[in-house]
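Good morning, and thank you for coming. I would like to walk you through one structure, a part at a time.

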Amino acid sequence: MREKVKTCIKGLDEQMTGGIPQGHVVLVSGMPGTMKSSVAYNILFNNALLEGKKCLYISLEQGRESIIEHMLGLGMDHTKVETLVSIVDMGYLRLHMEEQTSEEQSWMDIFKMYAENLRTNTEYELLVIDSLPVLELLAGMNDRRGDLFHFFGWLRELGVTTFIVVESSADTIAVKDEDFLADGIIRLKKERQGYDISRQIVIDKMRGTKHSTGLFTLLHDGKEFQLTRAIGQ
Ligand SMILES: Nc1ncnc2c1ncn2[C@@H]1O[C@H](COP(=O)(O)OP(=O)(O)OP(=O)(O)O)[C@@H](O)[C@H]1O
Ligand SMILES: [Mg+2]
């Protein structure tokens with residue numbers, strides 16, 4: 001059996017027989033503000049802190065400093081893991097590389113080269129790409145299904161476990177190409193309950209693993225994420 005990568009969300013790993021099989025490409029999907037980036041960073045932060053794993057967080061929309069500040073607010077002090085977790089703001093890099101980029105070399109080629117070089121040099125095991133819609137935009141994908149198919153194939157060859165942040169709009173039931181291509185989908189939701197907001201998490205799919213399909217309440221107590229109860233069980 002493949003080794004598992006822990007999400008380090010208290011109570012979640014038990015719901016999928018110990019965690020996510022190593023090498024999987026997993027979507028972290030949800031509407032704006034459902035804590036997709038926080039959940040993704042939380043996985044890297046804790047795997048670095050507890051298991052000494054090297055990680056890469058590629059941000060394409062939110063600035064590096066803004067991420068660090070946000071995560072500190074959630075009790076995750078990046079300075080504790082900065083030798084293991086690299087946060088790279090590729091959106092910023094994109095803005096400043098424009099003039100040097102030759103016509104033949106596409107943004108996607110540069111993105112891949114960057115991730116491959118870092119993989120060789122730092123041997124990171126966990127990768128976050130935040131987010132897929134922005135990657136598509138910057139890469140100028142024309143044939144979405146075909147381009148994503150190749151991109152997911154490239155990620156698997158990279159030999160890391162990947163978390164791709166995906167933004168979903170209104171609670172549509174439409175299934176997208178990436179839902180079929182991914183090995184796993186962790187879906188985040190939020191719901192207004194009177195004055196408060198209740199957050200939920202569900203494992204929609206996790207290939208090669210027996211997992212719960214229940215809808216759980218996701219809490220953050222200022223220090224860590226944890227599941228409370230399955231809704232409707
Ligand atoms: N200190 C905190 N404690 C608990 N929750 C917080 C704290 N700071 C921010 N939040 C919540 O986190 C949310 C943002 O988290 P995050 O950036 O991870 O979400 P996201 O889904 O990635 O958002 P976006 O769609 O903008 O990328 C805020 O909307 C807020 O509800
Ligand atoms: Mg985000």
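Please keep in mind that this is a predicted model. I begin with its largest nonpolar core, which has 58 residues. Within this core, the residues with the most contacts are V28, L44, C55, Y57, V85, V128 and I164. Helix α1 supplies the largest share of the core, namely seven residues.

Let us take one of those well-connected residues, V128. Which residues does V128 contact, once its neighbours within four places in sequence are left aside? They are A40, Y41, L44, Y57, I58 and F163. Two of these partners, L44 and Y57, also appear among the core residues with the most contacts.

I turn now to the ligand. Ligand 1 is surrounded by G30, P32, G33, T34, M35, K36, S37, S38, H70, G73, L74 and H220. Two elements give two or more residues to this shell: α1, residues 36-51, and α2, residues 64-73. Which of the elements gives the largest share? That is α1, with three residues. Helix α1 thus also appears here, having given the core its largest share. Sorted by class, the shell holds three nonpolar residues, eight polar ones and one charged one.

One residue of that shell, G30, leads us to the strands. The bridge partner of G30 in β8 is L188. Strand β3, residues 25-30, pairs with strand β8, residues 184-193, in the parallel sense, over five bridges. On the other hand, β8 pairs with strand β9, residues 196-206, in the antiparallel sense, over 10 bridges. In that second pairing, Q193 stands opposite D196 of β9. The strands β8 and β9 form a hairpin with two residues between them. In the turn, G194 has a positive phi of about 65°.

Another positive phi, of about 55°, is found at E123, just after helix α4. Helix α4 itself covers residues 107-122, which is 16 residues. From its first C-alpha to its last it reaches 22 Å, close to the 22 Å expected at 1.5 Å a residue.

My last stop is L138, which lies in helix α5, residues 132-139. Is L138 buried, exposed or partly exposed? It is partly exposed, because 18 other C-beta atoms lie within 10 Å, whereas a buried residue would need 20 or more and an exposed one 12 or fewer. L138 and M90 are 48 residues apart along the chain, and their C-alpha atoms are separated by 10.0 Å.

That concludes my presentation. Thank you for your attention.

Technical notes: Residues are numbered from 1 along each chain as its sequence is written. Chains are lettered from A and ligands numbered from 1 in the order in which they are written. This is a predicted model: local features need pLDDT of at least 70, side-chain atom pairs count only at pLDDT 80 or more; totals for chains, interfaces and linings use all residues. A residue is near a molecule or strand if its C-beta atom, placed from the backbone, lies within 6 Å of it. Helices (H or I, at least four residues) and strands (E, at least two) are DSSP runs, numbered from the N terminus. Ala, Val, Leu, Ile, Met, Phe, Trp, Tyr, Cys and Pro count as nonpolar, Asp, Glu, Lys and Arg as charged, and the others, Gly among them, as polar. Two strands pair if DSSP finds at least two bridges between them. The expected span of a helix is 1.5 Å times one less than its number of residues. A nonpolar core is a set of buried Ala, Val, Leu, Ile, Met, Phe, Trp, Tyr and Cys residues joined through C-beta atoms within 7 Å. Two residues are in contact if their C-beta atoms, placed from the backbone, lie within 7 Å.
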